[in-house]
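Trainee: I would like to learn how to read a protein model feature by feature. May we work through one together?

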Amino acid sequence: MSTQTSDKTATAATDTGAVTLRGLEKVFGEGDSKVYAVDGVDLDVHPGEFITLLGPSGCGKTTTLRIIAGFEAPTRGEVHLEGDDMPRRTPDKRPRATAFQTYAPSPHMTVFDNVAYGLKLQGLASKRIADEVSYALATMGLSKLRDRAPNQLSGGQQQRVALARAMVMKPKVLLFDEPLSNLDAKLRVQMRSEIRRLQERLGITSIYVTHDQDEAMSMSDRIVVMRNGKIEQAARPEEVYRRPASVFVADFIGRANFLEVESAIFDPEIDHAQVTVLGQTISVPANAKARSAHGRTLLVRPESVRVEKLTQEGAQSAHAVGATAIVLSSVFYGNLVEYDLETEVGNLTVVHSDPDEEEIFQPGTRVEVKIEAPRAWLLPVD
C-alpha cells in the first residue's frame with residue numbers, strides 16, 4: 001500500500017462521524033415577515049463527540065437539528081458528514097438515526113421487533129440481531145418487556161423503546177430531539193446516564209437538543225448555547241458555566257449574580273482587571289471583550305460567595321472582597337442553605353453547602369459577605 005493511500009485511510013478513520021456546518025441559514029417568510037430561524041451557524045462536531053444544542057424556545061436549536069437530519073432544507077449554507085455534502089441526500093440516505101421527543105413504536109410489533117426492525121432491513125444474521133437487540137433492551141431496562149405490545153407500555157417505557165430503536169442501529173451520527181422531556185424527573189436522570197454510557201461505549205457522534213440545563217451539563221462534551229438563531233458560545237460545560245462568553249449565557253446557565261462595576265483597570269499582559277465593587281478593589285479574571293466594552297458587569301455565582309459572622313475588624317484577604325449585608329431570607333434544604341442578602345448595590349443570592357446548624361444565619365442578621373475574586377468573571381454588558 002502506498003503512503004498516499006495509507007494517509008487517506010488514516011484520515012477517513014479519524015473523520016468517522018465528523019459533522020461540519022458552515023454558514024448555515026434557515027429563513028422563514030419573505031419581506032418584512034422574514035424570520036431567521038438559523039442565522040449563520042458555523043460548527044465542527046468531532047468524531048465520537050457528544051454535543052448539546054441548548055437554548056430557550058425559538059433559538060434555532062431544533063431547526064438546526066432538523067437540517068442535519070434532512071427534514072428541513074437550509075436556505076443557504078453547508079452540512080457535511082465526513083466531508084460528504086448532506087443536503088444532496090434525502091433523509092433516508094443519511095447515515096444517521098434520530099430519537100424524537102414524540103415516540104411512535106409500531107403498534108403491531110412487540111418491543112423486541114420494534115427495536116430489531118432496522119437491523120432486519122439491513123439483512124443482518126438472526127443471531128447478531130438477537131444479541132444487539134438484547135443488549136439495547138438491557139441497557140434501557142426493557143428486557144422483561146421484550147414480548148409486550150406498545151399499548152401495554154407506559155409513556156416512559158415507549159420512549160425507551162424509541163431510544164433503543166435508534167441506538168441499536170449504531171449510526172455514524174445520532175440525533176436527539178428532546179427525547180427525555182416526557183419522562184418523570186427520576187427516570188429522566190437515570191436515562192441520561194444510560195444514554196451517555198451507551199454513546200461512549202459505541203463511540204457514536206451525537207447531537208442532542210434540549211432546553212434542560214442539567215441534561216446539557218451532565219451529558220455533554222461541549223455545550224452549544226444558541227440565541228436568536230446564532231451560536232453564543234460552544235465550549236466544555238465547565239467553561240460555559242465558569243467563563244461564559246456573554247451575559248446571556250451567564251444568565252441562562254445556572255444561577256448568577258451580576259454586580260455593577262464602578263471602574264476597571266486592565267492588566268496589559270493578561271486578561272485580568274482591577275475592579276471596584278461593593279466598595280472594595282480586587283483583581284478578577286476578565287472576558288477579553290470586556291477590555292473594549294463601554295459597560296461591564298461582574299458575574300458572581302451563588303456558591304462563590306462566603307457569608308460570615310460580622311467582625312469589627314472586617315479584615316480582607318487578597319482573594320476575597322468583603323462587605324456588610326442584611327439577611328433577607330434563609331432557606332434550609334438539608335445539603336445546603338440559600339440566602340437572599342441585601343447589599344448596598346442590590347440583592348445577592350448566596351448558597352452555602354453542608355452548613356452546621358450554628359452556622360445558619362437567620363433573617364435580619366447583619367453579616368459579612370466575601371466574594372472569591374478568582375471565581376468571579378468580568379463581562380461586557382450585552
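Mentor: The discussion below moves from the whole chain to single helices, a cavity and selected residues. Please keep in mind throughout that this is a predicted model.

Trainee: How many helices and strands are in the chain?

Mentor: The chain has nine helices and 21 strands. Of its 382 residues, 46% are buried.

Trainee: What share of the contacts join residues at least 24 apart in sequence?

Mentor: One takes the contacts between residues at least 6 apart in sequence and asks what part of them reaches further along the chain. Here 67% of those contacts join residues at least 24 apart.

Trainee: Where can I see such a pairing around aspartate 39?

Mentor: Aspartate 39 lies in strand β2, residues 35-45. Its C-alpha atom is 7.7 Å from that of asparagine 228, although 189 residues separate the two along the chain. Leaving aside residues up to four places away in sequence, aspartate 39 touches Leu24, Glu25, Asn228, Gly229 and Lys230. With lysine 230 there is also a polar contact between the side chains, at 3.0 Å.

Trainee: How does one check the length of a helix, taking α6 as the case?

Mentor: One compares the span expected from the number of residues with the distance between the end C-alpha atoms. Helix α6 runs over residues 185-202, and its 18 residues should span 26 Å at 1.5 Å a residue. The end C-alpha atoms are 26 Å apart, so the model agrees with the expectation.

Trainee: What is found at the two ends of α6?

Mentor: At the N-terminal end, aspartate 184 acts as a cap: one of its side-chain oxygens is 3.2 Å from the backbone nitrogen of lysine 186. After the helix comes glycine 203, with a positive phi near 70°.

Trainee: Which residues of α6 are buried, and what do they pack against?

Mentor: The buried residues are Leu187, Met191, Arg192, Glu194, Ile195, Arg196, Leu198 and Gln199. They pack against three helices and three strands by name: α4 (126-139), α5 (155-167) and α7 (213-219), together with β3 (50-54), β7 (173-177) and β8 (205-210). Threonine 139 of helix α4 illustrates the meeting with α6, for it touches Glu194 and Leu198 when residues up to four places away in sequence are set aside. Threonine 139 counts as buried because its relative accessibility is 13%, and the limit for that class is under 20%.

Trainee: How does helix α3 read by the same approach?

Mentor: Helix α3 covers residues 111-121, and its buried residues are Val111, Phe112, Asn114, Val115, Ala116, Gly118 and Leu119. These pack against α4 and α5. Glycine 123 follows α3 and has a positive phi, near 80°.

Trainee: How many cavities of 30 Å³ or more are there, and what lines the second largest?

Mentor: The count is three cavities of 30 Å³ or more. For the second largest, one reads the volume and then the lining; the volume is about 60 Å³. The lining consists of Glu132, Tyr135, Ala136, Met167, Val168, Lys170, Leu198, Arg201 and Leu202. Six of these residues are nonpolar, three are charged and none is polar. Helices α4 and α6 each contribute at least two residues to this lining.

Trainee: Is phenylalanine 176 buried or exposed?

Mentor: Phenylalanine 176, in strand β7, is buried, with a relative accessible area of 0%. Its C-alpha atom is 5.9 Å from that of valine 209, which is 33 residues away along the chain.

Trainee: What is the usual sign of phi in residues other than glycine?

Mentor: Most residues other than glycine have a negative phi. Glutamate 178 has a positive phi, near 45°, and aspartate 354 also has a positive phi, of about 45°.

Trainee: Where are these two residues found, and are they buried or exposed?

Mentor: Glutamate 178 is in the loop between β7 and α6, and it counts as buried because its relative accessibility is 13%. Aspartate 354 is in the loop between β19 (346-353) and β20 (366-372). At 63% relative accessibility, aspartate 354 counts as exposed, the limit for that class being over 50%.

Conventions. Residues are numbered from 1 along each chain as its sequence is written. Side-chain values use heavy atoms; hydrogens and water are left out. Helices (H or I, at least four residues) and strands (E, at least two) are DSSP runs, numbered from the N terminus. The expected span of a helix is 1.5 Å times one less than its number of residues. Buried means under 20% relative accessible area, exposed over 50%, partly exposed in between (1.4 Å probe, protein chains only). Contact means heavy atoms within 4.5 Å. A polar contact is a pair of N or O atoms within 3.5 Å; within protein, one must be able to donate a hydrogen and the other to accept it, and residues adjacent in sequence count only if both atoms are side-chain atoms. On a 1 Å grid over the protein atoms alone, a cavity is a set of points where a 1.4 Å probe fits but cannot get out, and a pocket is an open set with protein on both sides within 12 Å along at least five of seven lines; lining residues have an atom within 4 Å of a point. Grid points are joined across faces, edges and corners, and a volume is the space filled by probe spheres set on the points. Ala, Val, Leu, Ile, Met, Phe, Trp, Tyr, Cys and Pro count as nonpolar, Asp, Glu, Lys and Arg as charged, and the others, Gly among them, as polar.
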